Amino acid sequence: MNDFFALVVKHGHIAVAAVVFAEAIGFPMPAAVALVAGGAAAASGVLSVSELFLLSIAAMLIGDVLLFMVGRYTGWTLLGFLCRVSMNPETCILRSAESFYKRGKMTLIFAKFVPGINTMAPPLAGTMKMRLPQFLRLDLLGAALYAAAYIGLGFIFHEFLATILHGFQAAGRAVEIVFVISLLAYLIYRVWIYRKHAMYRIVPRVQVQELAQKLAAEDHSNILLVDVRSHGYYDAGAFRIKGSIRMEPNNLVEELKGLPHEKDIYLYCT
């Protein structure tokens with residue numbers, strides 16, 4: 001926090017906006033901390049609270065629109081990339097999609113307050129073909145709430161934050177040691193999570209021609225085809241492979257209970 005405050009004092013509004021933009025496009029940057037530091041600096045008269053607020057919103061919107069457009073034209077490719085560096089790769093997309101499935105487009109309003117969903121929400125909205133004007137309205141509201149909450153927190157409690165910073169400075173070497181140990185523990189934890197979920201990165205696949213041959217050569221009763229397209233790509237009038245059944249991927253826990261265990265099950269999506 002001390003480093004962030006010094007950075008904000010030295011480089012002003014641009015430093016906060018840069019950190020906010022970096023987090024918006026997927027980099028592991030603590031935008032909330034930067035906004036709190038910016039709010040504290042504004043309360044001390046170093047920055048303009050109105051400029052800080054507007055620049056932060058603009059940085060978030062620019063980053064979100066970039067991910068929205070890339071998501072629209074690349075589909076799940078970008079989502080898959082973002083999830084490969086997430087804390088829980090195998091549930092990353094489904095967790096974000098489930099939020100849209102349960103709460104609809106209003107997810108964009110609170111998404112920035114939820115780690116994991118904050119970066120996934122804009123490209124996910126793009127893959128689901130949300131109209132850009134609607135996305136901008138909801139995302140603007142979400143960005144304004146996020147910026148106001150953390151800038152306001154820093155502004156109101158700037159004296160308390162100053163006391164904490166002075167305490168950190170007095171602690172000196174001890175704080176640095178604790179920080180280094182915490183950072184190493186975090187990195188080790190990330191490597192452990194990555195290795196733990198490595199198995200989910202290898203998904204068995206079958207070519208269309210191979211499956212067609214199986215369907216033609218074998219008894220159909222031994223094969224079950226399942227359509228698992230997300231609701232962004234599926235509606236009641238969508239075509240399905242003949243003989244396949246529909247399964248909602250955002251309700252997997254319940255859906256899996258009804259699948260037969262004696263059959264070879266093949267899943268397909270967009």
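Buried means under 20% relative accessible area, exposed means over 50%, and partly exposed is what falls in between. With that cut-off, Arg246 is partly exposed, because its relative accessible area is 22%. Keep in mind that this is a predicted model.

**The overall picture**

The chain has 13 helices and three strands. Of its 270 residues, 36% are buried. Take the contacts with a separation of 6 or more: 69% of them join residues that sit 24 or more positions apart. The chain exposes about 15900 Å², and carbon and sulfur atoms supply 67% of that area.

**Two salt bridges**

The count of salt bridges comes to two. One of them pairs the side chains of Asp64 and Lys112, at 2.5 Å from N to O. Asp64 belongs to helix H4, while Lys112 is in the loop between helix H7 (107-110) and helix H8 (117-127), so this pair ties together parts 48 residues apart in sequence. Both Asp64 and Lys112 are buried.

Arg246 from the opening takes part in a salt bridge too: its side chain meets that of Asp227 at 3.5 Å, N to O. Here strand E1 holds Asp227 and strand E2 holds Arg246, so the pair ties together parts 19 residues apart in sequence. Asp227 counts as buried because its relative accessible area is 0%, whereas Arg246 is partly exposed at 22%.

**Around Val228**

Val228 sits in the loop between strand E1 (223-227) and strand E2 (245-246). Is Val228 buried or exposed? It is buried, since its relative accessible area is 16%. Leaving aside neighbours within four places in sequence, Val228 is in contact with Arg246, Met247, Pro249, Leu267, Tyr268 and Cys269. For Cys269, the C-alpha to C-alpha distance from Val228 is 5.3 Å, with their positions 41 residues apart in sequence.

**The nonpolar cores**

In soluble globular proteins, nonpolar side chains tend to be buried together. In this model, the largest nonpolar core has 20 residues, and Val16, Val20, Leu35, Met60 and Tyr146 have the most contacts inside it. Helix H2 (13-24), helix H3 (31-43), H4 and H9 each supply at least two residues of this core. The largest share, six residues, comes from H3. Apart from this core lies another one of ten residues, including Phe68, Ala111, Ile117 and Met130.

What does Met60 touch beyond residues up to four places away in sequence? The list is Val20, Ala24, Lys112, Asp139, Ala143, Tyr146 and Ala147. Ser56 is another residue of helix H4, and it counts as buried because its relative accessibility is 1%. Outside its neighbours within four places in sequence, Ser56 is in contact with Val16, Val20, Leu35, Ala147 and Ile151.

**Helices H2 and H9**

H2 is mostly covered, with nine of its twelve residues buried. The buried ones are His13, Ala15, Val16, Ala17, Val19, Val20, Ala22, Glu23 and Ala24. From first C-alpha to last, H2 reaches 17 Å, close to the 16 Å expected at 1.5 Å a residue. Just after H2, Gly26 takes a positive phi of about 115°.

H9 has 25 residues, which should span 36 Å at 1.5 Å a residue; its end C-alpha atoms are 35 Å apart, so the two values agree. Its buried residues are Gln134, Phe135, Leu138, Asp139, Gly142, Ala143, Tyr146, Ala147, Ile151 and Gly154.

**Out at the surface**

Val49, Leu153, Phe155, Ile156 and Phe157 form a nonpolar surface patch, with about 450 Å² of accessible area together. Helix H9 (residues 132-156) gives the largest share of the patch, three residues. Val49 is in helix H4 (residues 49-74).

Arg72 is found in helix H4 as well. Its contacts, leaving aside neighbours within four places in sequence, are Gly126, Thr127, Lys129, Met130, Arg131 and Leu132. Arg72 and Met128 are 7.5 Å apart in space, C-alpha to C-alpha, and 56 residues apart in sequence.

Here are some accessibility values side by side.

| Residue | Relative accessible area | Class |
|---|---|---|
| Val49 | 40% | partly exposed |
| Arg72 | 22% | partly exposed |
| Arg246 | 22% | partly exposed |
| Val228 | 16% | buried |
| Ser56 | 1% | buried |
| Asp227 | 0% | buried |

Methods. Residues numbered from 1 in each chain as written. Predicted model: local features only at pLDDT ≥ 70, side-chain atom pairs only at ≥ 80, totals over all residues. Heavy atoms only, no water. Helix = DSSP H or I, 4+ residues; strand = E, 2+ residues; numbered from the N terminus. Buried < 20%, exposed > 50% of the residue type's maximum accessible area, 1.4 Å probe, protein only. Contact = heavy atoms within 4.5 Å. Areas by Shrake-Rupley, 256 points an atom, 1.4 Å probe, with all protein chains shown as cover. Patch = residues over 30% accessible without salt bridge, like charges linked within 9 Å, V, L, I, M, F, W, Y side chains within 5 Å. Salt bridge = Lys/Arg side-chain N within 4 Å of Asp/Glu carboxyl O. Core = buried A, V, L, I, M, F, W, Y, C linked by side-chain atoms within 4.5 Å. Expected span 1.5 Å × (residues − 1).
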